[in-house]
Each structure stands twice: as structure tokens, then as C-alpha cells.
Amino acid sequence: MGRAFEFRKERKFKRWAKMAVQFTRIGKEIVMAVKDGGPNPETNSRLRTAIQNSKAVNMPKDRVDAAIKRASNKDENGYEEHVYEGYALHGVAVLIETATDNTNRTVANVRSYFSKTGGSLGKTGSLDFIFNRKSIFRFVPGEKDMEELEFELIDAGLEELYLESDEEGNDIAVVQTAFEDFGKMQKALEDLGFEMKSAKLERIALSTTPISEEQAADVLKLIDKLEEDDDVQAVYHNMAE
């Protein structure tokens, strides 16, 4: 079978590992949504969003239903959300969003990742001047004219509208709006009947730090460790692409 077989096998295992991490993160988001607003997605916009995002990563429906059922149990513990901030090597800012049932474990792990890769964990709020929280929506535009859509979404707080390609090369529309306009934009897109791919609150770097490829490899060691942690929901950085 040779090296080609081993290469394909390694890629498959990596893809499965990535899917497992995505399922875990969305499962936590579903639990938090249900604890926050109940198990009915029609009246719980956060849960509705989490279910939309589960479809985007092909999360099995039975796993979604199991997470909702588990969270509906009053004896089931929820998760606490915490944000950690710090600097990797070469002055790259890193912000980590977590959801945990054991804060002591989470902060100890995050601190150790920074320490082992030459970075330093900072105080909460220390990177507020670097990252801005935005609402990001991705959906299938179909035959919709982009200029017409832009006009229709202005009242919902539209800041940016552009197209990107998915892994299959299909056009995906991306809408960006302010953090506080998430609900308003979500409703506007739902009313227009678009097939949603994802709806998330993301951290956008206001400025970037240019570094070499060798330096980037140092920073990625930290990012990889963070992204492998089950308590970590998202990792953001300001490393220049």
C-alpha cells in the first residue's frame, strides 16, 4: 500500500479529529443555549444558531438532540464561559474563548500552554485595543444580486458584505455587522430565507503583527495546543497572514 496509503490515512485521521473537536464545541454551545433560554429553537435564538452551526459541520442530528435533552435535565451542570488573553512569542496577541465545568483546570492548562511555548498570559481586557467583537454570518446566496442584498440589509446593521469560496469552490456570502446587531441581522437573513452555513460572534484583529515563517511556526505551536484543548471554544490572534 505504501506511502500514498499512509498519507491518505493520516489526512483522514486529522479530518476525523477536527470533526470531533467541532462536535464537542457545538455540543457545549447547545448546552449553554438551552440552559440560557430553554430547549425550543423557535423561541431560543441562541439555540437556533447553534443548531445551524451544527449542520454546517455535518454534526449528526442524534448528537444534537442528545445535547438538547441532556441540557434540559435540571441536574445537568452547565458551562462557564471565560476569556483569556496573552502574548505568544514575537509579540503576537492571542485571545482564547473557553467554556468549562472546571475553571481551575482550564486556567491552569491555558497558562501552561503559554509557558511551555515561550508566551505569557495577561490580564482580562488587556487586548481590548487589538480585537473587536463582530457578528459574522455565512450563507448560500443563490441567485440573489449582491447590490440588492446589501441595500436590504442596511437597516439590520450591515457593515460588510462579500463572497468567499467553500472547500468545494461554491460561493458563500459573508455578512459582518456589529456585536450588538447579531439578533437583528439573524432575523433579517432568516426572513429572507437564506440557507445559513454559520452564524457566530468572532474577534477581528484591528491591527496585525508581521512576522517571518520561522517565527510563525513558533506561534502556531501555542495555537495548536490551545485548539486541542476540550475547554477551548475559539482561538484568535493578530499574526499577519
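Biologist: OK, so a salt bridge is a side-chain nitrogen of Lys or Arg within 4 Å of a carboxyl oxygen of Asp or Glu. How many does that rule find across the interface of domain 1 and domain 2?

Modeller: Two of them cross that interface. Just keep in mind that we're looking at a predicted model.

Biologist: Noted. Where are the domains in the chain?

Modeller: Domain 1 covers 3–72 and domain 3 covers 131–205. Domain 2 comes in two pieces, 80–129 and 206–237.

Biologist: And how many residues touch between domain 1 and domain 2?

Modeller: On the domain 1 side there are seven, and they are in contact with eight residues of domain 2.

Biologist: What area is buried there?

Modeller: About 630 Å² between domain 1 and domain 2, with carbon and sulfur atoms giving 38% of that. On the domain 1 side, R25, K28 and M32 lose the most area to domain 2. Together those three make up 77% of what domain 1 buries there.

Biologist: Let's look at K28, then. Which helix is it in?

Modeller: K28 sits in helix α1, which runs over residues 2–37.

Biologist: Buried or exposed?

Modeller: K28 counts as buried, because its relative accessibility is 7% and the cut-off for buried is under 20%.

Biologist: What is K28 in contact with, if we skip its neighbours within four places in sequence?

Modeller: Y79, A99, D230, D231 and Q233. D231 comes up again with the salt bridges: bridges that share partners join K28, D101, R105 and D231 into one network.

Biologist: How many salt bridges does the rule count altogether?

Modeller: The count comes to 16. One example is E81 with R46, where the closest N and O atoms are 3.3 Å apart.

Biologist: Can you show me some others? Which residues does K144 meet in salt bridges?

Modeller: K144 meets E148 at 3.3 Å, N to O, and K144 also meets E152 at 3.1 Å. K144 counts as partly exposed, at 25% relative accessibility. Its partners are in that class too: E148 is partly exposed with 41%, and E152 is partly exposed with 32%.

Biologist: And K187, what does it pair with?

Modeller: K187 forms a salt bridge with D191, with the closest N and O atoms 2.9 Å apart. Both residues lie in helix α6, four residues apart, which is about one turn of the helix.

Biologist: Why do K187 and D191 get different labels for exposure?

Modeller: The label depends on the cut-off, and exposed means over 50%. D191 is exposed because its relative accessible area is 56%. K187 has 49%, so K187 is partly exposed.

Biologist: Makes sense. New topic: the open sheet. What's the strand order?

Modeller: The sheet has four strands in the order β5-β6-β4-β7, and the pairing is antiparallel. Its edge strands are β5 (158–165) and β7 (195–205), each pairing on one side only. On average, neighbouring strands are turned by 25° against each other, ignoring direction.

Biologist: What holds strands together in general?

Modeller: Strands of a sheet pair through backbone hydrogen bonds, either parallel or antiparallel.

Biologist: So how many bridges join β4 to β6?

Modeller: Six, between β4 (residues 131–140) and β6 (residues 171–178). If you want a spot to click on, F137 stands opposite V175 in β6.

Biologist: Which helices pack on the sheet?

Modeller: Helix α5 (residues 146–153) is one, touching β4, β5 and β6. The direction of α5 makes about 150° with that of β5. Helix α6 (residues 182–191) packs on the sheet too, touching β4, β5, β6 and β7. The direction of α6 makes about 10° with that of β4.

Biologist: Now a loop residue. Where is T209?

Modeller: T209 is in the loop between β7 and α7 (213–227). At 18% relative accessibility, T209 counts as buried. Leaving out neighbours within four places in sequence, T209 is in contact with H90, G91, V92, N238, M239 and A240.

Biologist: Last one: how many Å separate the C-alpha atoms of D65 and T117?

Modeller: They are separated by 39 Å, with the two residues 52 apart along the chain. D65 itself lies in helix α3 (residues 61–72), and D65 counts as partly exposed at 35% relative accessibility.

Key:
Residues numbered from 1 in each chain as written. Predicted model: local features only at pLDDT ≥ 70, side-chain atom pairs only at ≥ 80, totals over all residues. Heavy atoms only, no water. Pairing = 2+ DSSP bridges. Helix = DSSP H or I, 4+ residues; strand = E, 2+ residues; numbered from the N terminus. Axes fitted to C-alpha atoms, helices over the stretch in contact; angles between N-to-C directions. Contact = heavy atoms within 4.5 Å. Buried < 20%, exposed > 50% of the residue type's maximum accessible area, 1.4 Å probe, protein only. Domains from an automatic or database assignment. Buried area = accessible area lost by both parts, 1.4 Å probe.
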